[in-house]
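Biologist: I am new to this structure. Please walk me through the labels and show how each one is earned.

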Amino acid sequence: MCGRYTSTRGPEDLTRLFQVTDWNPAETLAPSWNVAPTDEVYAVLERTARDDGDEVRRELRALRWGLVPSWAKDPKAGSRMINARVETVHEKPAYRRAFAKRRCLLPADGFYEWEPVKDEATGKTRKQPYFIHPADGQVMAMAGLYEYWRNPDIAGDDDPDAWLTTCTIITTEATDAAGRVHPRMPLALTPDHYDAWLDPSHHDTEDLRALLSRPADGRLDARPVSTAVNNVRNNGAHLLDAAT
């Protein structure tokens, strides 16, 4: 799974890297070295603009991490849906509609995973966090889905609080540096596949799944870091320092 990641690039950088046309400065997020489930995260997506006929716009949005299906009774379900397995994402009721129509990219610098290790001093098993990232330092475009949830307690559709937009990260079996730490890892897309993945009119399941690839084409570095990352309240660049 992918349960924590880092996202420190600003909107100016992201709009350029992903050729975004629409961005609302009111949705600016602070850099985070410890993105956790239910946090707001940046997502790149495409959708048809209501005020411009059939024009499709590429947007940079702030969404909540943890997908809430449209049919969910309440948004609490999102905390259990931070990841979607690529093997079944096109079939599972919680994800299949979003996979067909609402795909996104979730920019990241890297992600964390935990490896069980035996403490020689105590003999007990503990979990050692690792920071896994592209070796070349480039941004990761993690494959994601997004969904809208309508709050039944708010009457008007035009009320911004009536809608909650959430997202999930698609994962696969881990390889290379990530595979030595944890059996699952996020999937990513290369720039030449951004357009096809984001296109809301593209519905071919097998074709879409074929676009997904390993982050940085498998060229990943992994280093042990401090257990300070275990606490979601901790944040800052020091979380990426190699453990001593």
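Modeller: Start with Glu-147. Its relative accessible area is 5%. Keep in mind that this is a predicted model.

Biologist: Why is Glu-147 called buried?

Modeller: Buried means under 20% relative accessible area. Glu-147 has 5%, so Glu-147 is buried.

Biologist: Where is Glu-147 found, and which residues is Glu-147 in contact with beyond its neighbours within four places in sequence?

Modeller: Glu-147 is part of strand S10, residues 140–150. Beyond those neighbours, its contacts include Leu-67, Val-68, Pro-69, Ser-70 and Arg-102. Leu-164, Thr-165 and Thr-166 are also among them.

Biologist: What makes the link between the side chains of Glu-147 and Arg-102 a polar contact?

Modeller: The cut-off is 3.5 Å between N or O atoms. This pair is joined at 3.0 Å, so the distance passes.

Biologist: How do you know that Arg-61 and Glu-27 form a salt bridge?

Modeller: The nitrogen must lie within 4 Å of the carboxyl oxygen. The closest N and O atoms of Arg-61 and Glu-27 are 3.5 Å apart, so the pair qualifies. The two residues sit in distant parts of the chain, 34 residues apart. Arg-61 is in strand S5, and Glu-27 is in the loop between strands S2 and S3.

Biologist: Is Arg-61 called buried or exposed?

Modeller: Buried. Its relative accessibility is 15%, and the limit is under 20%, so the label fits.

Biologist: What makes Glu-87 and Arg-85 partly exposed?

Modeller: Partly exposed lies between the buried limit of 20% and the exposed limit of 50%. Glu-87 has 30%. Arg-85 has 45%. Both values fall in that range, so both residues are partly exposed. Their side chains meet in a salt bridge, at 4.0 Å from N to O.

Biologist: Which residue meets Arg-150 in a salt bridge?

Modeller: Asp-157, at 2.8 Å from N to O. Arg-150 is partly exposed, at 22%. A search of the whole structure finds 17 salt bridges. Arg-9, Asp-13, Arg-16 and Asp-109 are linked in a network of them.

Biologist: Now the sheet. Why do S3 and S13 count as its edges?

Modeller: The order is S3-S1-S8-S9-S13, in an open sheet of five strands with antiparallel pairing. S3 and S13 each have a single partner strand, so one side of each is left without a neighbour in the sheet. From one strand to the next, the twist averages 30 degrees.

Biologist: How do you know that S1 and S8 pair?

Modeller: Pairing needs at least two bridges. Three bridges join S1 to S8, so they pair. In one of the bridges, Tyr-5 has Phe-111 of S8 as its partner.

Terms used:
Residues are numbered from 1 along each chain as its sequence is written. This is a predicted model: local features need pLDDT of at least 70, side-chain atom pairs count only at pLDDT 80 or more; totals for chains, interfaces and linings use all residues. Side-chain values use heavy atoms; hydrogens and water are left out. Axes are lines fitted to C-alpha atoms, for helices over the stretch in contact, and angles run from 0 to 180 degrees between N-to-C directions. Buried means under 20% relative accessible area, exposed over 50%, partly exposed in between (1.4 Å probe, protein chains only). A polar contact is a pair of N or O atoms within 3.5 Å; within protein, one must be able to donate a hydrogen and the other to accept it, and residues adjacent in sequence count only if both atoms are side-chain atoms. Contact means heavy atoms within 4.5 Å.
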